[in-house]
Amino acid sequence: MTRLARGPDFPQVAARPADCNHVLATQQLTEFLAVVADRPDEAAAQHAAVECAVRALEADLAVLMVDGGVVAAVGLPVERIPAYPLSEIAAGRRTVLEADGSSYAVACAPLSGPSAGVLALGRRNGEFSVEEVCLLRGMARVLELSLQALQLMESERRQAAENGRLIDSLQRRQRLFEELSTVQRAIARREPLPRVLDMITAGAAELMNVEMAGLTVLDADDPSRTSLIASRGIPDEAVPRMQAVPVAALGAAGLAIMGDELVAVDDYANSPIAVPEVVRARLKSVMAVPVHENGVVVGAMFVGSYSGLREWDKPSQEILLAFAEHVSLAITDARTLHEMNQAFRDSLTGLASRSLFVTRMETALDASRPGGAAVLLVDLDRFKVINDALGHVAGDRLLVAVADRLRECLRTGDTAARLGGDEFAVLLPEIGGAEAAVPVARRIVAALREPFDLDGRETFVTCSVGVAYGENGAEDAQELLVRADLAMFEAKKQGKDQYAVFEPAMRESFQKHLEMEADLRRAVLRHEFELRFQPIVRLRTGEISGLEALVRWQHPDRGMIPPLDFIPLAEETGMIVPIGEWVLREACRQAAAWNTRRDGRPPLTVSVNLSAVQLDRADLPDVVRSALDDSGLPAHCLVIELTESLLVDHRPETLRRLEAIKELGVRLAIDDFGTGYSSLAYLRRFPVDIIKIDKSFVDDVGDEPAAAALTLGIIQLGQALQLSTVAEGIEDAGQLSELADGNCELGQGYYFAEPLTAEGMHALLFPDVADDVDP
């Protein structure tokens, strides 16, 4: 019989005959207790028990099971112990254990209490005597008592630690109370707002023991951008770069603003929302919370750690929320004081201010007045593009011109107001219903559709109008504004440059929109996106020369959500920035991995779509360069796809960014060519390499001569300009033949393959290779 070697922690126990006397058994139990009780925790005691028992009773196998699972074993690895048969033996339903090719006679002793289970010994040759079973049961009882003692000690340790945490929490709360009391006294004394905000930021950094804290607020004229107004621990040279920053580029603070929720990131460098510049500054952890003014998000307060990873526990979250609430209190108080000292007119346009407009709404809805009242919310559709392209001075002149046209559309007793930015409102008192407001909405839409003259430059801007009607004495002003806002949202959703009248169903639609937006924000943090790859094929040879990377959203409850259902929302909310960067990096990584397996064949290219929001980012060329460097993909293997509308609404910065990307060696493609604003001027001006013919042209290429002629004309245009052409949406052999005969170079579509998972594309690219796709 094989004997196990004795370790230094266990007493030497001489072999005992089967009829060992009571004195020897007592000595063995004493030795067993000494070994087990000397262990510092429950796991160590369990392992010591099985090692001591197997030696004391000269067994080949010792197993400790707790709650049906094997927690310690000697003689075989834990994972090779068959737990269920051993449970059957403990229950008396069998006597022999088959394990790892051997048969064992087994003796068992139960353990009760919190660690209920069984201590079992096994021998390959010979059964256990009654005396040995008695000794085993004594050992089990000793182990049971030892484990209970260890658990009691652990409970006491936890209680002591909890008491320490409670004391620490009380001390922190006292310090928080003192800090916030100081802030409240400063607000009550009407100290300057910048001084109060600096006091709050410094207090948060000190109390939370962090190296960095800051407060950023939305710009009044451009709510899509924020500026830093108070900070601690942010280098002086970095502060100017944090002015007029797009909300979507703010990382955690941007998410807090857009989602109106606390955002806590323990490991910032590995987070999908990380801003590369901030990562390079070695920020380890960050937390941000929204700041409100009268219930509306106006900015975010954030704290961060450079020295090490930080777990943002509930007390930390509560402290930052408390400071953010006092920021809200200070801003609201200062704004209220400012509004009391201001006239009720918008200083730029001369229209009514928000305060005056709401006051007149309340008067118009008074039960003593005849009829009802209608509110029209008017929001400009392309103001940001014009403002960015022509500058803020031209943008202000455009707003003044819009105000003039609004006045021309109204009656003498109506009120036009500028609520802020490019949002206007109209009040129509004493009218009989929503239908009476519709002609005014039509006039406004038509009036703003006409071109504006800005310093001799003809400029176009359209608007979306939401109409809501309220009965006097039955509606309040805020509810009517909410309804008009919902209607305006519906007008924008339906394509802009139109009006919509409020209907109750719009509220439910908007709620679903908000739920989808919340789900989308969570999806970014939870990595719920997947890539699909569709092959791009050389039409003459059928060889796969490249892939287009397409993003899909695997929702935990709704299943796979196609891009058309969430990409517009991602662009609207700015979430397309972290999503798009992940797509770019993952597509480059996967393409580089596949190219290493090509065995001398030409490398594959990978095409990635770029949105207007991403193109608006100043750091886009750096992001592209980083994705290439991290993946090892050569720059000429990456194709960035742009829509025609991006080229139409471009700014000088757009062209500079595209040229910077081209300098890296990346190629550019125009996607869905021919569906929008195709122009030879844009093709000459922009550094484009590829045009992708839209599926709508390919669909009829084999059936309609006109469609075939137009498609062939696009192909010839591409050849004349030395551009590659890719036909999208090829679905049958007839289309393939027509396009190949017309000298179209490349194509993609369901005829070749649908968008495939990485595993599916791997199998298509390497049909004779059985290994797995690269992780």
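Reader: Which residues is Phe529 in contact with, leaving aside its neighbours within four places in sequence?
Author: This is a predicted model, in which local features need pLDDT of at least 70, side-chain atom pairs count only at pLDDT 80 or more, and totals for chains, interfaces and linings use all residues. Residues are numbered from 1 along each chain as its sequence is written, and side-chain values use heavy atoms, with hydrogens and water left out. Contact means heavy atoms within 4.5 Å. On that basis Phe529 touches Leu520, Ala523, Val524, Val551, Arg552, Trp553, Phe566, Ile579 and Trp582.

Reader: Which helix gives the largest share of the largest nonpolar core?
Author: A nonpolar core is a set of buried Ala, Val, Leu, Ile, Met, Phe, Trp, Tyr and Cys residues joined through side-chain atoms within 4.5 Å; buried means under 20% relative accessible area, exposed over 50%, partly exposed in between (1.4 Å probe, protein chains only). The largest core has 100 residues, and Phe529 and Leu520 are among those with the most contacts inside it. Helices (H or I, at least four residues) and strands (E, at least two) are DSSP runs, numbered from the N terminus. The largest share, 10 residues, comes from residues 576–595, helix α16.

Reader: What span does helix α11 reach from its first C-alpha to its last?
Author: The expected span of a helix is 1.5 Å times one less than its number of residues. Helix α11 (residues 392–408) has 17 residues, for which 24 Å is expected. Its buried residues include Leu398, Leu399 and Val402, and the cover over the buried residues of α11 includes β13 (415–420) and α12 (434–449). The span of α11 is close to the expected one, at 25 Å.

Reader: Which residue of β10 is the bridge partner of Val263?
Author: Two strands pair if DSSP finds at least two bridges between them. The open sheet has 6 strands in the order β8-β7-β6-β11-β10-β9, with antiparallel pairing, and β8 (245–246) and β9 (263–265) are its edge strands. Strand β9 pairs with β10 (residues 285–293) over 3 bridges. In β10, the partner of Val263 is Ala288.

Reader: How far from Cys637 is the nearest cysteine sulfur?
Author: A disulfide is a pair of cysteine sulfur atoms within 2.5 Å, and by this rule the count is 0 disulfides. Cys637 is in no disulfide, and the nearest cysteine sulfur is that of Cys588. Cys637 counts as buried because its relative accessibility is 0%. The sulfur of Cys588 lies away from Cys637 by 9.6 Å.
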